[in-house]
Amino acid sequence: MSLKLYYHPLASFCWKVLIGLYENQTSFEPIIVDLMDEASRAAFLKIWPVGKFPVLRDDARGRTIPESTIIIEYLARHYPGPVQLLPSDPEMALEARLQDRFYDRYVHEPMQKVVTDRLRPPGKNDPHGVELALGEIASSYNFIEEDMASKRWALGDDFSLADCAAFPALFYANKVAPLGKVHPRTAAYLERLLARASVARVVAEAQPYFGLFPIKDEES
């Protein structure tokens with residue numbers, strides 16, 4: 001098989017790529033990376049020395065592609081499917097990239113700050129940094145709430161790269177900073193994402209690993 005995806009089923013940025021692959025039913029070989037396992041980690045570092053996933057390996061083209069957004073764009077260019085995740089219209093493509101960066105930078109990254117703080121050894125926590133991250137998530141929720149006033153998906157009527165980015169960001173952010181009743185449009189958007197077949201498949205595959213997540217629903 002030409003395409004190999006190095007990933008972990010619980011990793012949020014890996015979800016973004018998996019959604020894109022499942023949307024277009026793109027054939028690939030899944031290779032789960034366990035960074036805590038010496039052999040698995042060593043094998044992955046030979047593919048991508050930086051050591052962060054997801055990483056796509058395309059043996060047919062002799063390419064190794066890191067970074068979730070770039071992987072989806074690469075697939076759209078070289079392995080297109082029925083769902084056009086990156087719009088052909090230049091202005092809409094720019095909007096898709098903007099929304100992608102928004103969810104990655106202003107929802108996903110501060111969410112990860114909160115989560116990783118829970119994993120730090122006792123006495124090594126960063127409460128001020130967590131407070132700032134939660135504030136950034138709250139501001140982002142307010143923006144999304146207005147942005148989704150008249151849209152089904154991030155760009156409007158069509159599912160895109162932006163929605164691939166939005167789901168993992170919102171799914172995990174909702175666990176560290178629950179949407180509640182204050183952001184009903186954002187919560188409804190998350191529910192629509194959860195109901196999509198590609199997204200539901202990603203969540204189902206991650207289910208056996210949810211015990212590793214340091215923040216439980218009842219804590220939310």
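**Notes on the predicted model**

1. A spot in helix α6 to start with: Ala166 touches Tyr103, Tyr189 and Leu193, once residues up to four places away in sequence are left out. Keep in mind throughout that this is a predicted model. Ala166 sits in helix α6, which covers residues 161-176. With a relative accessible area of 0%, Ala166 is buried, since anything under 20% gets that label. If you want a distance to check in your viewer, try Ala166 to Thr116: they are 50 residues apart along the chain, and their C-alpha atoms are separated by 20 Å.

2. Now the overall picture. The protein chain has 8 helices and 4 strands. Going along the sequence, the order is β-α-β-α-β-β-α-α-α-α-α-α. The radius of gyration is 17 Å, close to the 17 Å that the globule rule gives for 220 residues, so the chain is as compact as a globular protein of that length. As for outer dimensions, the C-alpha atoms fill a box of roughly 50 × 45 × 25 Å along the principal axes.

3. How much of the chain is tucked away, and how far along the sequence do its contacts reach? Of the 220 residues, 47% count as buried. Looking at contacts with a separation of 6 or more, 70% of them come from residues 24 or more positions apart.

4. Next, the pair α5 and α7. Helix α5 takes in residues 127-147, and its axis comes within 7 Å of the axis of α7, with a crossing angle of roughly 80 degrees. Angles of 65 to 115 degrees count as roughly perpendicular, so that is the label for α5 and α7. On the α5 side the contact is made by Tyr141, Ile144, Glu145 and Glu146, and on the α7 side by Pro184, Arg185 and Thr186. Sorted by class, the residues in this contact come out as 3 nonpolar, 1 polar and 3 charged.

5. Thr186 deserves its own point. It belongs to helix α7, residues 184-195. Is Thr186 buried or exposed? Its relative accessibility is 0%, so Thr186 counts as buried. Setting aside neighbours within four places in sequence, Thr186 is in contact with Tyr141, Ile144, Glu145, Leu170 and Leu179. Tyr141, Ile144 and Glu145 are also among the α5 residues in the contact with α7.

6. Just ahead of α7 there is a histidine to look at. His183 is in the loop between α6 and α7. Despite the loop position, His183 is buried, at a relative accessible area of 9%. Leaving out neighbours within four places in sequence, His183 contacts Tyr141, Asn142 and Glu145. Two of those names may ring a bell: Tyr141 and Glu145 are in contact with Thr186 too.

7. Over to the other helix pair, α3 and α4. Helix α3 (residues 68-78) packs against helix α4 (residues 90-118) at an angle of about 150 degrees, and the axes are 11 Å apart. The cut-off for roughly antiparallel is over 145 degrees, so α3 and α4 qualify. Their crossing is right-handed.

8. Which residues make the α3 to α4 contact? Ser68, Thr69 and Glu73 come from α3, and they meet Arg97, Asp100, Arg101 and Asp104 from α4. By class, there are no nonpolar residues in this contact, with 2 polar and 5 charged making up the list.

9. A few backbone oddities are worth a look in the loops. Gln25 has a positive phi of about 50 degrees, although it is not a glycine. You will find Gln25 in the loop between α1 (12-23) and β2 (29-32). At 71% relative accessibility, Gln25 counts as exposed.

10. Glu67 is another non-glycine with a positive phi, here near 75 degrees. It is placed in the loop between β4 (63-66) and α3. Glu67 is exposed as well, with a relative accessible area of 54%.

11. Last one: the peptide bond from Phe53 to Pro54 is cis, with omega near 10 degrees. Pro54 lies in the loop between α2 (38-47) and β3 (55-58).

Notes
Residues numbered from 1 in each chain as written. Predicted model: local features only at pLDDT ≥ 70, side-chain atom pairs only at ≥ 80, totals over all residues. Heavy atoms only, no water. Axes fitted to C-alpha atoms, helices over the stretch in contact; angles between N-to-C directions. Helix = DSSP H or I, 4+ residues; strand = E, 2+ residues; numbered from the N terminus. Parallel < 35°, antiparallel > 145°, perpendicular 65-115°, else oblique. Left-handed = near helix turned anticlockwise from the far one by under 90°. Contact = heavy atoms within 4.5 Å. Nonpolar A, V, L, I, M, F, W, Y, C, P; charged D, E, K, R; others polar. Rg over C-alpha atoms; globule rule 2.2 N^0.38 Å. Buried < 20%, exposed > 50% of the residue type's maximum accessible area, 1.4 Å probe, protein only.
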